[in-house]
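Reader: I would be grateful for a close look at a single part of this structure, set out as one connected account.

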Amino acid sequence: MSRLSIIAYSVCGLFFSVSLAFSLFYGYKVITHDLPKEKKAVETYNYHFVLVPEELDNEYWKLVEKGAQDAAKKYGVLLEYTGPKQANIDDHVKTIEMSAASKVDGIMTQGLSEEQFTPLINRIVASGIPVVTVDTDAANSRRLTYIGTDNYYSGYLAGKALIADTFGKINVAIITGSFYANHMQQRVKGFENAVKSEKRINIITVQESEISRVKAAEKANQILQDHPEVNAFFGTSALDGIEIAHVVKKFHKQHQIYIIGFDTLPETLNFIREGTITATVVQEPYQMGYEAVKMMVDHIQGKKVPPIVHTETRILRKADLPVSTQSGKAEGN
Ligand code: BGC
């Protein structure tokens with residue numbers, strides 16, 4: 001071996017040993033740094049819950065999620081929020097089934113219908129996973145508890161508000177989120193019973209929006225064309241009243257037509273402020289989410305949980321709003 005090749009071999013050898021030392025050192029660091037981190041992430045929560053809403057990006061459900069996330073932080077819960085992008089019963093059911101299959105510690109969702117949700121909830125509860133119904137109850141199921149509005153009573157309040165706010169002959173059209181869902185049926189029933197004995201009030205038609213803004217607007221449009229005698233609307237889910245208001249304004253009928261909606265989303269409050277919507281039914285979505293998580297934790301920890309918790313519901317009108325309010329904030333919640 002020449003002198004030159006000895007030098008070349010020694011340089012290569014040195015280079016190899018240095019890089020080996022580096023990779024061992026940094027490799028070790030990566031391993032020792034990463035592992036405890038992962039372990040930490042696994043250990044930072046006590047329970048894993050899933051909240052399955054009717055519609056993921058719906059502003060109303062975002063408030064339920066906010067409450068649930070706040071409680072989750074407080075009680076050391078990993079909370080997953082997952083469900084249909086647009087309201088769809090089959091996707092909703094599938095998401096619940098998948099959550100149950102992944103063996104979470106608790107599921108919070110609506111009990112939209114007795115036919116599809118009661119057997120599903122019962123199966124999940126029998127497999128050892130507690131279910132809390134939120135916003136809509138499947139009252140005959142083995143769910144742990146229901147937290148949400150008394151939906152019949154909230155519809156009843158809306159009917160009484162219509163009576164109090166109007167005089168003379170009233171022909172009312174109802175746009176409801178769904179003909180099929182328990183809470184929507186109860187809201188309509190409550191409303192019908194409240195106005196039943198009032199001879200001057202007639203329900204002309206009940207149409208379905210399928211929780212879709214576009215459909216709510218289409219239905220309001222159609223109603224105004226098919227039933228020019230309609231001079232009042234009741235929208236029974238969070239987006240219905242908003243879309244009714246848009247359509248009524250488009251027809252320049254905001255001074256002739258009375259609107260009562262549901263929920264206190266910023267758009268609804270703006271319509272109340274300007275007088276297009278006269279009244280809305282207040283619900284407490286943040287509290288529903290918060291208490292649902294809290295009660296699930298209480299149950300897992302062996303504490304007794306009541307079978308039904310009704311959150312407050314009431315009518316809100318312009319006079320109930322603070323004079324100046326921050327935009328983008330849902331008041332009344
Ligand atoms: C109802 C929710 C529904 C939402 C739709 C609310 O009034 O309580 O169940 O998903 O409206 O926008």
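Which residues in helix 3 meet which residues in helix 4?

Author: The model is a predicted one, and the account below centres on helix 4 and its surroundings.

Helix 3 covers residues 89–101 and helix 4 covers residues 114–126. From helix 3, the residues that take part are I89, D90, H92, V93, I96, E97 and A100; from helix 4, they are Q116, F117, L120, R123 and I124. By character, the residues of this contact comprise seven nonpolar, two polar and three charged.

As to geometry, the axes of helix 3 and helix 4 come within 11 Å and cross at roughly 5°. Because angles under 35 degrees count as roughly parallel, helix 3 is roughly parallel to helix 4.

The length of helix 4 can also be checked. With 13 residues at 1.5 Å a residue, helix 4 should span 18 Å, and its end C-alpha atoms are 17 Å apart, which agrees.

Burial adds a further aspect. The buried residues in helix 4 are F117, T118, L120, I121, I124 and V125. An α-helix has 3.6 residues a turn, so residues three or four places apart point the same way. Within helix 4, F117, L120 and I124 are buried, and these residues also belong to the contact with helix 3. The packing partners of the buried residues of helix 4 are helix 3, strand 3 (106–109) and strand 4 (131–134).

Both ends of helix 4 deserve mention. At the N-terminal end, S113 acts as a cap, with a side-chain oxygen 3.2 Å from the backbone nitrogen of Q116. Q116 is also one of the helix 4 residues that meet helix 3. After helix 4 comes G128, whose phi is positive, near 100°.

A second serine, elsewhere in the chain, also has a side chain that reaches backbone nitrogens. S178 lies in the loop between strand 6 (170–176) and helix 6 (182–195). Its side chain reaches the backbone nitrogen of Y180 at 2.9 Å, and a polar atom of that side chain lies 3.0 Å from the backbone nitrogen of A181. S178 has a relative accessible area of 12% and is therefore buried. Apart from its neighbours within four places in sequence, S178 is in contact with M184 and E208.

For the wider setting, the protein chain holds 10 helices and 12 strands. Of its 333 residues, 48% are buried. Among contacts between residues at least 6 apart in sequence, 75% join residues at least 24 apart.

Definitions and conventions: Residues numbered from 1 in each chain as written. Predicted model: local features only at pLDDT ≥ 70, side-chain atom pairs only at ≥ 80, totals over all residues. Heavy atoms only, no water. Axes fitted to C-alpha atoms, helices over the stretch in contact; angles between N-to-C directions. Helix = DSSP H or I, 4+ residues; strand = E, 2+ residues; numbered from the N terminus. Parallel < 35°, antiparallel > 145°, perpendicular 65-115°, else oblique. Contact = heavy atoms within 4.5 Å. Nonpolar A, V, L, I, M, F, W, Y, C, P; charged D, E, K, R; others polar. Expected span 1.5 Å × (residues − 1). Buried < 20%, exposed > 50% of the residue type's maximum accessible area, 1.4 Å probe, protein only. Polar contact = N/O pair within 3.5 Å; in protein donor to acceptor, adjacent residues only side chain to side chain.
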